[in-house]
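Biologist: I am new to this model and would like a close look at one part of it, the largest pocket. Could you take me through what lines that pocket, and then through what lies around it?

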Amino acid sequence: MILPIVAYGDAILRKRGENIDKKYPELQKLIDDMFETMENARGVGLAAPQINKSIRLFVVDSTRMSDDDEGEVGSPDGIREVFLNPKLFDETGKEWAYEEGCLSIPGVRENVTRLDTISIQYYDRNFDFHEKTFDGLTARVIQHEYDHIEGKLFIDHLKPLKRTLLKGKLDNISKGKVSVDYKMRFPKK
Ligand code: NI
């Protein structure tokens, strides 16, 4: 089932998500719905706050991104993975800029500078524990999605002047004055 994606301006995008346990209702269906919603919007990642759930869960599919330096360190391909109750505990390597976008902020793309390599602990959809290191574009997507469950957005990384210039556009997004071809819910519409 395709879920509506929460647009910029909704308070839920600014809340830190809560950890969940195995008893969380209909978790498997929620994860399937998140993948379906992400794919329908042609995204490479989607975090639970974006579908109006304030929990520490996101999905990533970096397998179709073009880059030869992506995925788990030592592996050539991207990943398709569920991150439950993740803890990002290390960021290293060189800083690099990449143009990011967000399904909650349609039509806005800006260069964001982040570190290249991350290490993260998380549970998968079966609640099996993992500790892995990722780099390149996959690390980039994980950093972006991890920000979401911390109540942060990629535009928070921009310089104040750049954000000021975006203000009108962001206001219009929260009012639904934006052209988008997937289902959204707008906080000020
Ligand atoms: Ni996003």
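Modeller: In this predicted model, the largest pocket is lined by 26 residues, and those that lie nearest its centre are V44, G101, C102, L103 and R109. The space inside this pocket comes to about 480 Å³. Two elements, strand 5 and helix 2, each give two or more residues to the lining, and helix 2 gives the most, with five residues. By character, the lining of the largest pocket divides into twelve nonpolar residues, seven polar ones and seven charged ones.

One of the residues nearest the centre of the pocket, C102, is also a ligand of the nickel ion, which is coordinated by the SG atom of C102 together with the NE2 atoms of H144 and H148, at 2.1 to 2.3 Å. Along the chain, these donors follow the spacing C-x41-H-x3-H. Because C102 lies in the loop between strand 5 (80–100) and strand 6 (110–123), while H148 belongs to helix 2 (residues 136–149), the pair ties together parts that are 46 residues apart in sequence. With buried taken as under 20% relative accessible area, C102 counts as buried at 10%, and H148 counts as buried at 1%.

Helix 2, which carries H148, deserves a closer look in its own right. All of its residues, 14 of 14, are buried, so this helix is largely enclosed by the rest of the structure. Its length can be checked as well: at 1.5 Å a residue, the 14 residues of helix 2 should span 20 Å, and the end C-alpha atoms are 21 Å apart, which agrees. Just after helix 2 comes G151, which takes a positive phi of about 85 degrees.

Among the residues that touch H148 is A47, a residue found in strand 2 that counts as buried at 0% relative accessibility. Leaving aside residues up to four places away in sequence, A47 touches M34, L57, F58, E145, H148 and I149. The C-alpha atoms of A47 and L166, which are 119 residues apart along the chain, are separated by 23 Å.

M34, one of the contacts of A47, leads on to helix 1, where the buried residues are L27, L30, I31, D33, M34, F35, T37 and M38. What covers these buried residues includes strand 1 (5–6), strand 2 (45–47), strand 3 (57–61) and strand 5. The same check of length can be made here, since at 1.5 Å a residue the 14 residues of helix 1 (residues 27–40) should span 20 Å, and the end C-alpha atoms are 20 Å apart, which agrees. Helix 1 is followed by R42, which has a positive phi, near 55 degrees.

On strand 6, finally, there is E110, which is buried, with a relative accessible area of 15%. Not counting residues up to four places away in sequence, E110 touches Y98, E99, E100, F154, L158, K162 and L166. To return to the pocket, its lining draws two or more residues from strand 5 and from helix 2, and C102, among the residues nearest its centre, coordinates the nickel ion along with H144 and H148.

How values were computed
Residues numbered from 1 in each chain as written. Predicted model: local features only at pLDDT ≥ 70, side-chain atom pairs only at ≥ 80, totals over all residues. Heavy atoms only, no water. Donors = N, O, S within 2.8 Å, 3.2 Å for Na, K, Ca; no water. Helix = DSSP H or I, 4+ residues; strand = E, 2+ residues; numbered from the N terminus. Buried < 20%, exposed > 50% of the residue type's maximum accessible area, 1.4 Å probe, protein only. Expected span 1.5 Å × (residues − 1). Contact = heavy atoms within 4.5 Å. 1 Å grid on protein atoms, 1.4 Å probe; cavity = no way out; pocket = protein on both sides within 12 Å on 5 of 7 lines; lining within 4 Å. Points joined across faces, edges and corners; volume = space filled by probe spheres on them. Nonpolar A, V, L, I, M, F, W, Y, C, P; charged D, E, K, R; others polar.
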